[in-house]
Amino acid sequence: MIVKTYCARMDHGGCGILVHVEDGRVKKIEGDPDCPLNKGTICAKGLAQVERLNHPDRLVYPLKRTGHRGQGNWTRISWDEALDTVSEKIKETIRRDGPQALSFAQGTPKGLELFLMIRLANLLQVPNVSTPGNICHMPRETASILTCGFFPVSDFDHPPSLAMLWGSNLFQTNEEGVIGFQLKRALDRGAKLIVIDPRKTTLASRANLWIRLKPGTDLYLALGMLKVILDAELYDKTFVDQWTKGLPELREHLRQYSLDTLSEMTWVPKDEIIKMARLYSQTKPACIQWGNAIEHSINSVQCARALLILMAITGNLDQPGGNVNRIAPPVMRPGELVQIKRFPEKKDKILSPEFRLATMMGFVPSQLIIKAIMTGKPNPIRMLYIQGGNPLLSYANSKETFEALKRLDFLTVSEIFLTPTAQMADIVLPAATNLEFNDIGHFGLPHGFILARSQVVEPAGECWPDSKILNELGKRLGLRQHFWNDLGECLDEILKPAAMTYDDFKKIGMLKGKWEYRSYEKKGFSTPSGKFEIYSDQLKQWGYDPLPAPQSTQGAPEISLNDYPLLFTSAKDPFFFHSAYRNIPSLRKLSSTPVLLIHPDTALRMGVTEGDWVAVETEMGAIRQKAMLDNEIDPRIIILSYGWWFPERKDLELSGWKESNINILTNNNPPYEPAIGSTPLRAIPCRISKSDSV
């Protein structure tokens, strides 16, 4: 039997797949050639779903810790005992210290589970839900909402004549499933390409112009482009005059920057800044495909604002082949699903009300949860419930995260495998994988469509979907009237505005909204002024910069360049998803060790040769990764691999969580991005030396 569905939980993708099932087991997966998103193409992670599904180390029943936390001693328990224990701990925590003493935490969301977690939190009046939002997607989304009222996505349906990839490596990262394949088709049809990346990626090798900027200086480069375009009058005067607000203020703001200074700050030659600005502004239509990398600094929101302004003033906003507004399909709105109206006081009780954009999106930057656990300020957090996340690897300052998890009164983790974080839990709940339950993909995302990710096989052992776990917890916590008899009822309710059931949805697979171009011509932009807001009065009212401006680094520690002469940045491995899948054999064969990219001249100076294990040290700590020479990167930087631990190493503490983990090197102290709380994860001063192997 062959079942059509969509990939999801191996990455963000959404590729159509064909799942071959025999005797109730998945035997093979291949790309679906009829799917308009990927047209049959599939990545190594998608193929590896078979291994993950049938992995011998999968968690297949609930576990309860015995002995000391992190010691690795467990006893099997029933779901009733697990849910009763967790629900009683939640009630006890709220009764003793109030709902603010409980926090929920989500890793990268892939389906409905995040929305049901927020729903449960809101109904319990728990204000603090931690997500990776402050360093992933939300700086771009909130900047977009404030500036133009929608999140502009690259329009590859109407082929662009030029694509500018900014901190986005679509051929090798988690977005490859959908956007990367669409980009490839555009390039094959002759689209020009600009790539902004410190590393010469496969895409950079194909680019008409590769910009090798200094890590962390994206905002300054964007300001340089804006300066060139405005000074040379290369902008779309008709659109700017009719549909934007704040161009005179932007002109005045840019006077303080010279191209020579911006060139020096970004390591990009002045003539290249001019060339990229002219190429982007004069090639129509053009789109900017921005990536997660721009969000790993305290300039995350302002950098996103600068790139939005580039889209707008060049006349590429909501134009065919530019960056467009994809209207969502007619289904339940996310705010209704999370029951936001039942907790209007949340904005006043949330742990970080000063981060207005994070509060607007309903999440707390993860580092503030850790600080509250450690200090008890502004209020103590006693209990943490984590799903689909591995904070020991993914949160900045892993050492402090480790100490915080040890201090908790109670920790619950829902997972597929015993990750380093799960090994710290009091209760571990076995999560189902995407092929084992019905789900709705891309719900609440700005892509303008949702996907029917339908169940293919029964869950392994006693595994439950995260959404089911949360639904059952809600009932046990006295909230039965706000939850469902089963997940099928939940799915049908979400789809009710579209006048269909989930069974109907499965037959069509994808549901799109009503897509159109230049919708602002009918009703203006969804902003206070009805225009694209180059100058944001709302940001000014909140006390933030109304124009794209570098944020203050006051309070940051002074680090000697003599002591730490190099800068490190990082790259995501194409064969993994953040810290996941290091235990999948086929993927591990493709990427067996954490690799450090280093320029040959730098390696020679440090006495390092290809294949050596190298110690990398910052003021926060030290790790080891294996050297690979790369003569295309700047000699002043090294590029580290992200998300590494060693599930096969039972001799190492918590499966080697600190051996090669780059967040041992990062700092979670202020200054943060002032509106959303982003932390610096790139351009961090470091030093290196030859080391013994892990």
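Analyst: A crossing of two helices counts as left-handed if the near helix is turned anticlockwise from the far one by less than a right angle, and as right-handed if the turn is clockwise. In this predicted model, the passage of H8 across H11 is of the left-handed kind.

User: What makes H8 roughly antiparallel to H11?

Analyst: Helix H8, residues 218–231, packs against helix H11, residues 259–266, at an angle of about 155°, and their axes are 9 Å apart. Because angles over 145 degrees count as roughly antiparallel, H8 is roughly antiparallel to H11.

User: Which residues in H8 and H11 meet, and how does their contact divide by class?

Analyst: On the H8 side the residues are Tyr-220, Leu-221, Leu-223, Gly-224, Lys-227 and Val-228, and these meet Leu-259, Leu-262, Met-265 and Thr-266 in H11. By class, this contact of H8 with H11 holds seven nonpolar residues, two polar and one charged; Gly-224 is placed with the polar group, because Gly is counted there.

User: Why are H5 and H13 called oblique to each other?

Analyst: The axes of helix H5 (residues 138–147) and helix H13 (residues 300–313) cross at roughly 55° and come within 8 Å. An angle that is neither under 35 degrees, nor over 145, nor from 65 to 115 counts as oblique, and H5 and H13 are therefore oblique to each other. The crossing in which H5 passes H13 is right-handed. In H5, the residues Pro-139, Arg-140, Ala-143, Ser-144 and Thr-147 meet Ser-300, Val-301, Ala-304, Arg-305 and Leu-308 in H13, and the contact divides into five nonpolar, three polar and two charged residues.

User: How do you know how H3 and H20 should be classed by their angle?

Analyst: Helix H3 (residues 79–97) and helix H20 (residues 466–476) pack at about 60°, with a distance of 10 Å between their axes. That angle makes H3 oblique to H20, because the roughly perpendicular range runs from 65 to 115 degrees and the roughly parallel one lies under 35. H3 and H20 have a right-handed crossing. The contact is made by Trp-79, Asp-80, Leu-83, Asp-84, Val-86, Ser-87 and Lys-91 of H3, together with Ile-469, Glu-472, Leu-473 and Arg-476 of H20, and its residues divide into five nonpolar, one polar and five charged.

User: What makes the peptide bond from Lys-377 to Pro-378 worth a remark, and where is Pro-378 placed?

Analyst: Most peptide bonds are trans. The bond from Lys-377 to Pro-378, however, is cis, with omega near -5°, and Pro-378 has its place in the loop between helix H17 (366–375) and strand E16 (383–387). A cis bond also joins Pro-670 and Pro-671, where omega is about 5°; Pro-671 is found in the loop between strand E27 (637–641) and strand E28 (684–691).

User: What sign has phi of Asn-397, and where does Asn-397 lie?

Analyst: Most residues other than glycine have a negative phi. For Asn-397, by contrast, phi is near 60° and thus positive, and the residue lies in the loop between helix H18 (391–394) and helix H19 (398–407).

User: What is known of the second largest pocket and its lining?

Analyst: The second largest pocket has a volume of about 1,000 Å³ and is lined by 33 residues, of which Thr-553, Pro-680, Arg-682, Ala-683 and Pro-685 lie nearest its centre. Its lining divides into 18 nonpolar, 11 polar and four charged residues.

Definitions and conventions:
Residues numbered from 1 in each chain as written. Predicted model: local features only at pLDDT ≥ 70, side-chain atom pairs only at ≥ 80, totals over all residues. Heavy atoms only, no water. Axes fitted to C-alpha atoms, helices over the stretch in contact; angles between N-to-C directions. Helix = DSSP H or I, 4+ residues; strand = E, 2+ residues; numbered from the N terminus. Contact = heavy atoms within 4.5 Å. 1 Å grid on protein atoms, 1.4 Å probe; cavity = no way out; pocket = protein on both sides within 12 Å on 5 of 7 lines; lining within 4 Å. Points joined across faces, edges and corners; volume = space filled by probe spheres on them.
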